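Trainee: I'd like to learn how to read a fold feature by feature. Can we walk through one together?

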Amino acid sequence: MSHRPPSGLAAVSAALLAMSRHLEVRDVLKTIVASARELLNAEYAALGVPDDHGGFAQFVVDGVSDEQWKAIGPLPRQHGILAAMLHEAKAERLADVRKDPRFEGWPDAHPDMSDFLGLPIRDGEEIIGALFLANKRCPKPEGGCGFTAEDEELLAILAQHAAIALTNARLYERSRELTIAEERSRLAHELHDAVSQKLFSLRLTAQAATALVDRDPARAKGELQQVAALAAEAVDELRAAVVELRPAALDEDGLVATLRTQVQVLDRAHTTARVTFESLGIRALPAAQEEALLRVSQEALHNALRHSGAAHVGVTLARRGGGTLLRITDDGRGFEPAATRQAGRHLGLVSMRDRANGVGGRLTVESAPGKGTTIEMEVPGG
């Protein structure tokens, strides 16, 4: 490999440091893609993390606008050149990807690409992703590829460090998931013990008041006053528990990162449905609003994944006018909201509306049998 100028070495060093700085998987993927595109002076870059069903669990792009990405449509499947890198586990450097016999075409809105460089990201023997670059910004040799052997060597170095950064990020997320689960278990036990004791006392005191109400009304009144006091204590303990149950990640990382992590966890956990998340220009919100949005999204996701039979569930957090909009959509079996009060209670729609109203927002539900479901919660600010 020929010597690069100091500025090139500094750029490589900066890219490697940036990869190791992030702990969220999505942030690591975005950093890898942006670094590869900048270092190799390519017009487009992408990184795909395969799932176990012939598709991609995550697919991150750089050089494509949000509007273009929406127009392109669903995530690609593992076919053509993408499949070759994932299954044959070798680098691909092509003068014109469109002329390769394995090329299977693009969606109409897909940008036009010619010269192409890609290689797998490996963790030992396991292929955990594939990194792609297209359209080198340089004069192309006649009939040749703009990407050079030197570019391929540099991308291989990036891929090795990308594997380390991606593996570390996954380990961090799994560790945090275990910590959260352990903390919830501890709080559940404490809450169970505290509430059980208070309810037991309430029951005994109420029974005593019932026995005394006819023969000693004064003492019965005293017992009922004790019932009221015990009930107030129980309410205070429950409120304290609810405050403590506010997700630590929400305080540390904010709503967008917390939602993204939870969606990624659900996407990995549910093999029959793809779960995606998109955030568009959201700023920090008051704590009460962020918690309400998170709780509503959790309830809606639980419903969609457990009851709807959906193949895809999408979560979007975006600005709307002067407010913030949370949208959860699924392509499942749907239901009739207006005519199904029991379904509304079963799906927690009442509690979701209460959460929205409690922070000055509103909740709307659109669904029909066979047409999927869309739940939207809008709050001011953001």
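Mentor: Sure. One idea before we start: a contact means heavy atoms within 4.5 Å. Keep in mind, too, that this is a predicted model.

Trainee: Good, let's use contacts right away. Which strands do the buried residues of α4 pack against?

Mentor: They pack against β1 (42-50), β2, β3 (92-94), β4 (116-123) and β5 (126-136). Helix α4 itself spans residues 80-88 and is mostly covered, with seven of its nine residues buried.

Trainee: Which residues of α4 are the buried ones?

Mentor: G80, I81, L82, A83, A84, M85 and L86. In general, an α-helix has 3.6 residues a turn, so residues three or four places apart point the same way. After α4 comes A89, which has a positive phi near 55°.

Trainee: Now the strands beneath it. How do I read strand pairing?

Mentor: The general idea is that strands of a sheet pair through backbone hydrogen bonds, either parallel or antiparallel. Here, β1 and β5 are antiparallel, paired over six bridges. Follow A46 and you'll find its bridge partner in β5, F132.

Trainee: How many bridges join β4 to β5?

Mentor: Eight, and those two strands run antiparallel. One of the partnerships is I121 with G129 in β5. The hairpin of β4 and β5 has two residues between the strands, and G124 takes a positive phi near 65° there. As for cover, ten of the eleven residues of β5 are buried.

Trainee: Let me try a single residue. Is Q58 buried or exposed?

Mentor: Buried means under 20% relative accessible area. Q58 has 13%, so it counts as buried. You'll find Q58 in strand β2 (residues 56-62). Leaving aside residues up to four places away in sequence, Q58 touches V25, R26, L29, L47, G48, V49 and Q264.

Trainee: And the aromatic rings? How many aromatic pairs does the structure hold?

Mentor: Five. Take F56 and F59: their ring centres are 5.2 Å apart and the planes are at 70°, an edge-to-face pair. F56 and F59 are both buried.

Trainee: Why is the pair of F103 and W106 edge-to-face?

Mentor: Look at the angle: planes over 60 degrees apart count as edge-to-face. The planes of F103 and W106 are at 75°, with the ring centres 4.8 Å apart, so the pair is edge-to-face. For cover, F103 is partly exposed at 23% relative accessibility, and W106 is partly exposed with a relative accessible area of 29%.

Trainee: Which rings are linked into a cluster?

Mentor: Ring pairs link F56, F59, W69, F116 and F132. You've met F132 already, as the bridge partner of A46.

Trainee: Let's move to the other sheet I want to ask about. In what order do β6, β7, β8, β9 and β10 come?

Mentor: Read across the sheet rather than along the chain. The order is β6-β7-β8-β10-β9, in an open sheet of five strands with mixed pairing. β6 (274-280) and β9 (362-367) are the edge strands, each pairing on one side only. From one strand to the next, the twist averages 10°.

Trainee: How do β6 and β7 run, parallel or antiparallel?

Mentor: Parallel, with seven bridges joining β6 to β7 (residues 312-320). If you want a spot to check, S279 has L317 in β7 as its bridge partner.

Trainee: Which helix packs on that sheet, touching β6, β7, β8, β9 and β10?

Mentor: That's α8, whose direction makes about 10° with that of β8 (323-330). Helix α10 (residues 349-358) lies across β9 and β10 and runs at about 145° to β9.

Trainee: Where does A287 sit?

Mentor: In helix α8, which covers residues 287-307. A287 has 45% relative accessibility, so it counts as partly exposed. Its C-alpha atom is 9.1 Å from that of G254, although A287 and G254 are 33 residues apart along the chain.

Trainee: Zooming out, how many helices and strands does the protein chain have?

Mentor: Ten helices and ten strands. The chain has 382 residues, of which 41% count as buried. Its accessible surface comes to about 20200 Å², and 53% of that belongs to carbon and sulfur atoms. Among contacts with a separation of 6 or more, 63% are between residues 24 or more positions apart.

Methods: Residues numbered from 1 in each chain as written. Predicted model: local features only at pLDDT ≥ 70, side-chain atom pairs only at ≥ 80, totals over all residues. Heavy atoms only, no water. Helix = DSSP H or I, 4+ residues; strand = E, 2+ residues; numbered from the N terminus. Buried < 20%, exposed > 50% of the residue type's maximum accessible area, 1.4 Å probe, protein only. Areas by Shrake-Rupley, 256 points an atom, 1.4 Å probe, with all protein chains shown as cover. Phe/Tyr/Trp six-rings, centres within 6.5 Å; stacked < 30°, edge-to-face > 60°. Pairing = 2+ DSSP bridges. Axes fitted to C-alpha atoms, helices over the stretch in contact; angles between N-to-C directions.
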